[in-house]
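Grab a pencil and have a look at the structure below. Then try the exercises before you peek at the solutions.

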Amino acid sequence: MIDDASPDMGFFTDVTLCIGCKACEVACKQWNQLPSDGYALSGNSYDNTGRLSATTWRHVDFVEQFDRINPAESRWVMMSDVCKHCTHAGCMEACPTGAIIRNEYGAVYVQPDICNGCGYCVPACPFGVIALEPDQGVAQKCTLCYDRMKDGIEPACAKACPTDSIQFGPVEQLKERARRRTEELLARNVPARLYGVDEDTSVGDLNAFFLITDRPEVFNLPPKPVLPSTYQPVAYLSGFLATAALAIVAMQAFRSR
Ligand code: SF4
Ligand code: SF4
């Protein structure tokens, strides 16, 4: 039943607490019955799952920076990535069938029985999150554990996180907690900053936001995510101007006959 009074729910992910155990990835796969990514290592990283995909809805990025000249400067930072459940979601805007909706918890949710597998949502996501699952031919991504939330249970990934790097709750409360945590870390000279909160971007605030300790690109996050529809006015204008120019050329050619 839709409860309009429910506050938006989401995640605050703090990279300073992540130990890279991947318990969140495993819990997500177990709960959602998603296939494993196998045991092969890429040879480039200790991360064997690579990236978010149609069958990996949580992914722990390993930021491995080894400084051979000055080994003391080497860093190994981890961040558990997920769908951002954007305030202005590109995937939802692009979906022609209405399969992608915002549910009563403020989460962006794909209804698999309505998705026709056109894939328009895939390039529309500024974060490269949503993907088509080839066997079923439908778009898939994190559901914010909609089924668990309806039973009053927190999402499997947050429940499994042993360090509380992934915190789940009402988004506004999480933002307050995140701002306090950022101030605390800055006072200890940790270069902390929030990503997806209080930023001026066309996707708006993210319901799954992050505390990071470096530039967003270091964590595979776009520095300024852009909603594809913001390009529409320019695209329409250039289409109109091109049509008008062709019409003028055609008229002149007709007159000079
Ligand atoms: S991160 Fe991508 S898939 Fe998730 S809500 Fe935003 S646009 Fe949609
Ligand atoms: S909220 Fe649920 S579906 Fe989303 S990443 Fe966590 S465990 Fe997976």
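Here are two worked exercises on this predicted model.

**Exercise 1**

Find D47 and work out where D47 sits, whether D47 is buried or exposed, and which side chains make polar contacts with the side chain of D47.

*Solution*

Step 1: Start with the location. D47 lies in the loop that links α1 (23-32) to β2 (59-65).

Step 2: Check the accessibility. Buried means under 20% relative accessible area. D47 has 8% relative accessibility, so D47 counts as buried.

Step 3: Look for polar partners. The side chain of D47 has a polar contact of 2.8 Å with the side chain of K22. The side chain of H59 makes another polar contact with the side chain of D47, at 2.7 Å.

Step 4: Widen the search to contacts, skipping neighbours within four places in sequence. That gives you K22, S42, H59, V60, F62 and E64 around D47.

**Exercise 2**

Work out the strand order of the open sheet of four strands, then find its edges and see how β1 is joined to β8.

*Solution*

Step 1: Read across the sheet. The order is β8-β1-β10-β9, and the pairing is mixed.

Step 2: Pick out the edges. These are β8 (166-170) and β9 (193-195), since each pairs on one side only.

Step 3: Look at the twist. On average, neighbouring strands in this sheet are turned by 25° against each other, ignoring direction.

Step 4: Zoom in on one pair. β1 (residues 9-14) and β8 run antiparallel and are joined by five bridges. For example, G10 has G169 in β8 as its bridge partner.

Terms used
Residues numbered from 1 in each chain as written. Chains lettered and ligands numbered in written order. Predicted model: local features only at pLDDT ≥ 70, side-chain atom pairs only at ≥ 80, totals over all residues. Heavy atoms only, no water. Helix = DSSP H or I, 4+ residues; strand = E, 2+ residues; numbered from the N terminus. Buried < 20%, exposed > 50% of the residue type's maximum accessible area, 1.4 Å probe, protein only. Polar contact = N/O pair within 3.5 Å; in protein donor to acceptor, adjacent residues only side chain to side chain. Contact = heavy atoms within 4.5 Å. Pairing = 2+ DSSP bridges. Axes fitted to C-alpha atoms, helices over the stretch in contact; angles between N-to-C directions.
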